[in-house]
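Q: Could you zoom in on one part of this model for me? I would like to follow how its residues touch one another and how the surrounding elements pack.

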Amino acid sequence: MFSVEVDGPVLSPRSPVYGAGEAFFRARADRAVDRRYAFHSIGAVVDGEFDYAARGGRVTAGRGAVIFGTGAEDFRVWIHGARRVHRSVIAVDPTLVAEVTADCGLDDERFPSEVLPPSRATLSIYGLIRRITASPADQTEAVIRLLAAAFTTRAVRYRSEIDQGARRRVSEVVRDLQLRYAEAHTLEQMAAAANLSRYHFIRVFQSLTDETPRQHLIGIRLRAAADRLIETREPITQLALHVGFNDISHFNTAFRQAFGMSPRAWRRAAAVRMRAL
């Protein structure tokens, strides 16, 4: 029986080598909750925000982040606000982990990263997790690709010389984009909200996310589109407009570049029984 955490909820076994499903939790921001991974696990944060600490320091993981947990490893979580955290999660049998790390020429079976923040580098990984967990069919081949990506993708090291006040203000802008991604956001508006010039706003933004504000916003919209394709029966053109793309051709091209297939093929590949709106 697969589970992400020791004594945690059981995941649906999709094949002999992995289980997958949706996971939810609540915790208090002023108190750490200690837990332990039962299996090597990979999760995508679909909603909510929490602080996470395992081998490294305490980091914040919000919507679009990818979390890696090594089997038998202890970790801590803290939640932000009253909203529950929703993750799509996959737990993998140790034999498959050993096989993939050996094929990748690695001696260490621990994941090299604990948290990858939302960015272009994590967009395809996020999408693969969501598609694997949505599909009731055996997706072992996709899980192998996911493990290979997990063991070969390194965390981005951001610059630390940025003023902490500017970092805090720009972080608030990043959170606002996560909540209001479908709206128009001009560079002038975002810089003014952070009380920075456009030049300094872009510099601080890139130090936090490793991408420009426009790139980051498009990534958020693409993640939202991938989620809605799985979770709804909404027509694709209407869906694209609802997540902030006014040019359908641009949406189709950007989606294919990010996830390796068209939005229509993505919906078919998830192979889920769509809920009625």
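A: **A close look at the core**

Setting aside neighbours within four places in sequence, F201 is in contact with V170, V173, L187, M190, A191, A194, L196 and P213, where contact means heavy atoms within 4.5 Å. Please keep in mind that this is a predicted model: local features need pLDDT of at least 70 and side-chain atom pairs count only at pLDDT 80 or more, while totals for chains, interfaces and linings use all residues. Residues are numbered from 1 along each chain as its sequence is written, and side-chain values use heavy atoms, with hydrogens and water left out.

F201 belongs to the largest nonpolar core, a group of 38 residues in which V170, F201, L222, F251, F255, F259 and W266 touch the most other members. Such a core is a set of buried Ala, Val, Leu, Ile, Met, Phe, Trp, Tyr and Cys residues joined through side-chain atoms within 4.5 Å; buried means under 20% relative accessible area, exposed over 50%, and partly exposed in between (1.4 Å probe, protein chains only). At least two residues of this core come from each of α2 (120–134), α4 (164–179), α5 (187–193), α6 (198–209), α7 (213–231), α8 (236–242), α9 (248–259) and α10 (263–270). Helices here are DSSP runs of H or I with at least four residues, numbered from the N terminus. The biggest contributor is α7, with nine residues. There is also a second, separate core of 26 residues, with Y18, A20, Y126 and I132 among them.

Now for how two of these helices meet. The axes of α2 and α7 lie 10 Å apart at an angle of about 5°, so the two helices are roughly parallel. Those axes are lines fitted to C-alpha atoms over the stretch in contact, with angles running from 0 to 180 degrees between N-to-C directions; under 35 degrees counts as roughly parallel. From α2 the contact uses R120, T122, L123, Y126, R130, R131 and A134, and from α7 it uses Q215, G219, L222, R223, D227, I230 and E231. Sorted by class, that makes five nonpolar, three polar and six charged residues.

One last stop is N195, in the loop between α5 and α6. Its phi is near 60°, a positive value in a residue other than glycine. Most residues other than glycine have a negative phi. With 61% relative accessibility, N195 counts as exposed.

Terms used: Parallel < 35°, antiparallel > 145°, perpendicular 65-115°, else oblique. Nonpolar A, V, L, I, M, F, W, Y, C, P; charged D, E, K, R; others polar.
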